[in-house]
Amino acid sequence: MTFRRVIYNSISSCNQHLKLVYFKPREVHRCVAIKSKMSLNEAKKIAAYRAVDEWVKNNTAVGIGSGSTVVFAVDRLAQRVKEEKLEVVCVPTSFQARQLIVENGLVLGDLDRNPQLNVAIDGADEVDKDMVLIKGGGGCLLQEKIVASCAERLIIIADYTKNSHKLGEQYKKGVPIEVVPLAYVPIREKIQKQFGGELKLRMAVAKAGPCVTDNGNFILDWNFPQDVNFHWSDVNRDLLMIPGVVETGLFVNMAQKAYFGMADGSVKTQDK
């Protein structure tokens, strides 16, 4: 009678993930090694760790982004601060980032005392071939863009699903646009008329009604037409000219380098 036993063995030192499958047919024993994909969290972790190792130096001020990948960046930063006795001030981009800094025992700063940052490390919802980003899936786009604008370098960390040739290729939730609540309906109508596509008011998950940002605003998610070749710097400028638009999730000409954790355990880099 044939039986099969499966053993998972992760070899972190060489980033190999093997699934060992043992078969016992009637006549012969054989073992087949099948390479499996790295999980998204593992991919996020290797990208975050490498970026922190390469960009965070002693006696610097660092912008701390928001989102799931940044959790690994803060974890690695806390390790380095403890092991290497680094002097680093961390400036958050959201309530979540602030909590991560405090919970990991790092030095909490702000832009009042640290208006110029050496580097900001943040995630992205999507990065295209020209290093244009969509950010704001977590609702922190305004503070993320402010902190990024104060940094000498904006470094992006992400998993392989965020690496696209063009925006909208993989990320299907659209471009977040933070708006003043009383203006969300006229803004929605103006954008749909000028650029096409569809805008939806982002709704909250654990409360009734719309999602409210850390700044007390609403978010419109713009599902833009995929058959139009937008010049994103022009689109971003035109959106910001609409009264009531506070900020967009388009980050154009801001990021210098991106690190993508890949499914095979490698880290792909992309430069501006």
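**View 1. Strand β4 pairs with strand β7 in this predicted model.** β4 covers residues 60-64. Three bridges join β4 to β7, and the two strands run parallel. Ile64 of β4 stands opposite Ile121 of β7.

**View 2. Strand β7 also pairs with strand β10.** β10 spans residues 154-159. β7 and β10 run parallel and are joined by three bridges. Here Ile121 stands opposite Ile155 in β10. Ile121 thus has Ile64 opposite in one pairing and Ile155 opposite in the other.

**View 3. Side chains of strand β7, residues 119-122, point two ways.** Val119 and Ile121 point one way. Ala120 and Asp122 point the other way. Val119, Ala120, Ile121 and Asp122 are all buried.

**View 4. Helix α1 packs against helix α2.** α1 runs over residues 40-55, and α2 over residues 68-84. Their axes lie 8 Å apart, at an angle of about 45 degrees. That angle makes α1 oblique to α2, because it falls outside the ranges for roughly parallel, perpendicular and antiparallel. The crossing of α1 and α2 is right-handed.

**View 5. Residues in the contact of α1 with α2.** From α1 come Asn41, Lys44, Lys45, Ala48, Tyr49, Val52 and Asp53. They meet Ser68, Thr69, Phe72, Ala73, Asp75, Arg76, Leu77, Gln79 and Arg80 of α2. The contact residues divide into six nonpolar, four polar and six charged.

Terms used: Residues numbered from 1 in each chain as written. Predicted model: local features only at pLDDT ≥ 70, side-chain atom pairs only at ≥ 80, totals over all residues. Heavy atoms only, no water. Buried < 20%, exposed > 50% of the residue type's maximum accessible area, 1.4 Å probe, protein only. Helix = DSSP H or I, 4+ residues; strand = E, 2+ residues; numbered from the N terminus. Pairing = 2+ DSSP bridges. Axes fitted to C-alpha atoms, helices over the stretch in contact; angles between N-to-C directions. Parallel < 35°, antiparallel > 145°, perpendicular 65-115°, else oblique. Left-handed = near helix turned anticlockwise from the far one by under 90°. Contact = heavy atoms within 4.5 Å. Nonpolar A, V, L, I, M, F, W, Y, C, P; charged D, E, K, R; others polar.
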